[in-house]
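Subject: Handover of the structure, with notes

Dear colleague,

Here is the structure for your files. My notes follow below it.

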Amino acid sequence: MSGLHPSKPFPEAARDKVNQPQLRANLRKVTHTIREKRLRAVGELPHWEELRLLGEATKDASLANLSDRLLQLEASVKARGGQVHWARDAAEAREIVVRIAQAHQVDELIKVKSITSDEIELNATLQERGIHAIETDLAELIVQLSHDTPSHILVPAIHRNRAEIQALFNRELPGEGGLSDSPAELAGAARRYLRHKFLTTKMAVSGVNFAVAETGTVCVVESEGNGRMCLTLPEVLVSIMGIEKVLERWEDLSVFMELLPRSSTAERMNPYTSFWSGVTPGDGPQEFHLILLDNGRTEVLADATGRQTLRCIRCSACLNVCPVYERTGGHAYGSVYPGPIGAILTPQLLGMQDKNANTLPGASSLCGACFDACPVRINIPQVLIYLRGEVTAEKGVTAEALAMKTVGYAMSSGWRFEGALKLARVGQGPLVKGGEITSLPGLLGGWTQSRDLKTLPPQSFREWWKERERDSE
Amino acid sequence: MQIDLFITCINDAMFPRTGQATVRLLERLGQTVRFNANQTCCGQMHLNTGYRDDALKLIRKFVDDYRDAEVVVMPSGSCAAMVRELYPEAARWGGDHDLLREVEELAPRVYELSEFLVNTLGVDDVGAYYPHRVTYHPTCHAMRVLRVGDAPLKLLRNVRGMTLLELEGSEECCGFGGTFSVKNPDVSAAMLADKTRHILDTGAEVCTAGDNSCLLHIGGGLHRLRSGVGTVHLAEILASTEQEVFA
């Protein structure tokens, strides 16, 4: 997996994951724990539903005038001594970062909040140009040192256990080798390694949670303090933000400061929230670059139904309540954006043509738990259904489309349906064994993989009703 | 009240007893039931699988069949959710403003059976008798789209002779999801395995729900396990009396 592009169709990637008992157990434990904690944190606020409505309205207002907001943000950032770059796609964004790194002749940089940089596959490009990027979030570091990819937006190493991390740190971290598996000792080793990097590295790359157009303020919300180190210690700071992250006013932040931590880590407030505006001589980075990344977002914005996807504040609440994510983990989605939000975001960012990403809107039973959990009320099930329509339109005439047409024709009137049922009762004959159907052919074979199927009864409801009417006459 | 019964295609074809039970129950409560024999399918499978145009034909047909109905009642949470929640969306996606106006006018008169009994008729004891150990699975669409709340449980708690057993993880999806069960069979099976395990843990003889599509899936899984535990639609339990055990 790399960036946005899944390397396999979802059903296939899911099959590889769903049958790993240890992974299933790890995922179940973590998702259920966060799920329950979130319910408690959310339950403390009697006005939670009103807050969600406010979150939805605030993001929608910003998206409705997105180009104005972005121009305002650009002007405010520049007025405070920052530099602003516009990137149409991943390649442009990567080149901007490389150019800045080369201008400062760095061969190493530190990173925090890297999901947007993962979307543009920044690390690999930097590596090719001889620049080593170091992840500073503990879980991201674990993922990076093990040459793996994140499996969750909030808990990127959700799929790893403690023994694996012990072996990894003893092998990979300089000067270590005798670490026990105690969490404190493992965290201490990461801290020693990272502290040295924070104090010696000249350049940092960060993501962005929110940016305020009127003040030019950029905001990063985090739990470990590594963000604060990255954002204040280096000489050069480059922040990459998807264009949908802009808010209009400073006050707009307040609603998300309540919605995000409770939805994400089930905390009332997150431990570290950093705000910065441009540069201040003698304090913090002396050069600040803000990269405004489009990479397909303008197209999503143009779609009346798909647009709500851009409200997402990357809290990952939808992942933690999703029964599909719980059984497969994030890697099955094949993109940096896993879970229900990934199932709608990834194919839209790629433009609905990607044959593997096109299977993602199908990766849901439409149970609706994600919509209930979403702090900005993205109606994910509705968008999934809408995108399935976009996918079938893209595919044109298939066996499935013909089957649907045939069923549609049979359903076009009561008497046609009645006729079709009579035919089906005869047709099912060869499939029935011991009163049930235990194996179906073709497209329907997936059903009987783990379920038996009841046979059609000798009389349909409509036939019974007709008989009853006749008898009462 | 004059009730138009929309029986749903799955009930019509595979679960006629659910339809019969619904009729028996509503008539026992003094209602008049009408069955428009031109009805077929709400179009949910087509829309949810991505066939909007085919779905729109069925949506227009539903509107034609029920335009004049006082209320439409259906023994299915997911079909009622389709009409109330997704018909307007589908009409918007299809750019059909006349249809949108019609579905917005019709949708508030469409009810799932249990919410109709409890919230509209104001009945939560239907005089049922069902001497079995039963566990209840709240289906996703009834719970999260229609917000039927505890309407089905209120009805079940008043069934005489019945032991209602609490189901662990009851609010988790059973893994059916229409064509999801066929297109993502491995994930669907993993979800089903957890659901059937929880059902068996209750010690119930029967699992009930307001949707036969979910029960077809759950029942298929229970049958494959040779568990001896069956599935019965809520309407069949509610229609059962000491004189006539329906399910």
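How far is the sulfur of C374(A) from the closest cysteine sulfur, and in which residue does that sulfur lie? The distance is 6.3 Å, and the partner is C315(A). That is too far for a bond.

Please keep in mind that this is a predicted model.

**Cysteines**

C312(A) gives a similar story. Its closest cysteine sulfur is also in C315(A), at 6.6 Å, again too far for a bond. A disulfide would need the two sulfur atoms within 2.5 Å. Over all chains, the structure holds 0 disulfides. Both C312(A) and C374(A) are buried: C312(A) has a relative accessible area of 7%, and C374(A) has 7% relative accessibility.

**Confidence**

The predictor gives the complex an ipTM of 0.97. The pTM is 0.96. For chain B, the average pLDDT is 97. In that chain, 100% of the residues score at least 70.

**Aromatic pairs**

The count over all chains is 17 aromatic pairs. One of them joins W447(A) and F176(B). Their ring centres are 5.9 Å apart, with 85° between the planes, so the pair is edge-to-face, as the angle is over 60 degrees. This pair crosses between chains. On the chain A side, W447(A) sits in helix α21, residues 445–448. On the chain B side, F176(B) is in the loop between β6 (163–165) and α10 (180–183). Are these two residues buried or exposed? W447(A) is buried, at 6% relative accessible area. F176(B) counts as buried too, at 14%.

A second pair is F461(A) with W465(A), and this one is tilted. The centres are 6.1 Å apart and the planes 35° apart. Both residues belong to helix α22 (residues 461–472) of chain A. They are 4 residues apart, about one turn of the helix. Both are buried. F461(A) and W465(A) also belong to one aromatic cluster with W464(A) and F35(B).

Back at W447(A), there is a charge to look at. R451(A) lies over the face of the W447(A) ring, at 4.5 Å from the ring centre.

**Nonpolar cores**

The largest nonpolar core has 142 residues. Which of them touch the most other members? They are F10(A), L73(A), F169(A), L290(A), F62(B) and M74(B). Helix α5 (residues 77–93) of chain B gives the most to this core, with 10 residues. Apart from it lies another core, of 37 residues. Its members include L5(B), L117(B), V159(B) and F246(B).

L290(A) is a good residue to display. Leaving out residues up to four places away in sequence, L290(A) touches L73(A), V77(A), Q83(A), V84(A), H85(A), V208(A), V218(A), S239(A) and M241(A).

**A128(B)**

Where is A128(B) found? It is in the loop between α7 (113–120) and β5 (133–136) of chain B. A128(B) is buried, at 1% relative accessibility. Beyond its neighbours within four places in sequence, A128(B) is in contact with R28(B), N158(B), V159(B), R160(B), I237(B), L238(B) and S240(B). A128(B) and M162(B) are 34 residues apart in sequence. In space they are 9.5 Å apart, C-alpha to C-alpha.

Best regards

Key:
Residues are numbered from 1 along each chain as its sequence is written. Chains are lettered from A and ligands numbered from 1 in the order in which they are written. This is a predicted model: local features need pLDDT of at least 70, side-chain atom pairs count only at pLDDT 80 or more; totals for chains, interfaces and linings use all residues. Side-chain values use heavy atoms; hydrogens and water are left out. pLDDT is the predictor's confidence in each residue, from 0 to 100. Rings of Phe, Tyr and Trp (its six-membered ring) pair if their centres lie within 6.5 Å; planes under 30 degrees apart count as stacked, over 60 as edge-to-face and the rest as tilted. Helices (H or I, at least four residues) and strands (E, at least two) are DSSP runs, numbered from the N terminus. Buried means under 20% relative accessible area, exposed over 50%, partly exposed in between (1.4 Å probe, protein chains only). A charge sits over a ring if NZ of Lys or CZ of Arg is within 6 Å of the ring centre and within 35 degrees of the ring normal. A nonpolar core is a set of buried Ala, Val, Leu, Ile, Met, Phe, Trp, Tyr and Cys residues joined through side-chain atoms within 4.5 Å. Contact means heavy atoms within 4.5 Å.
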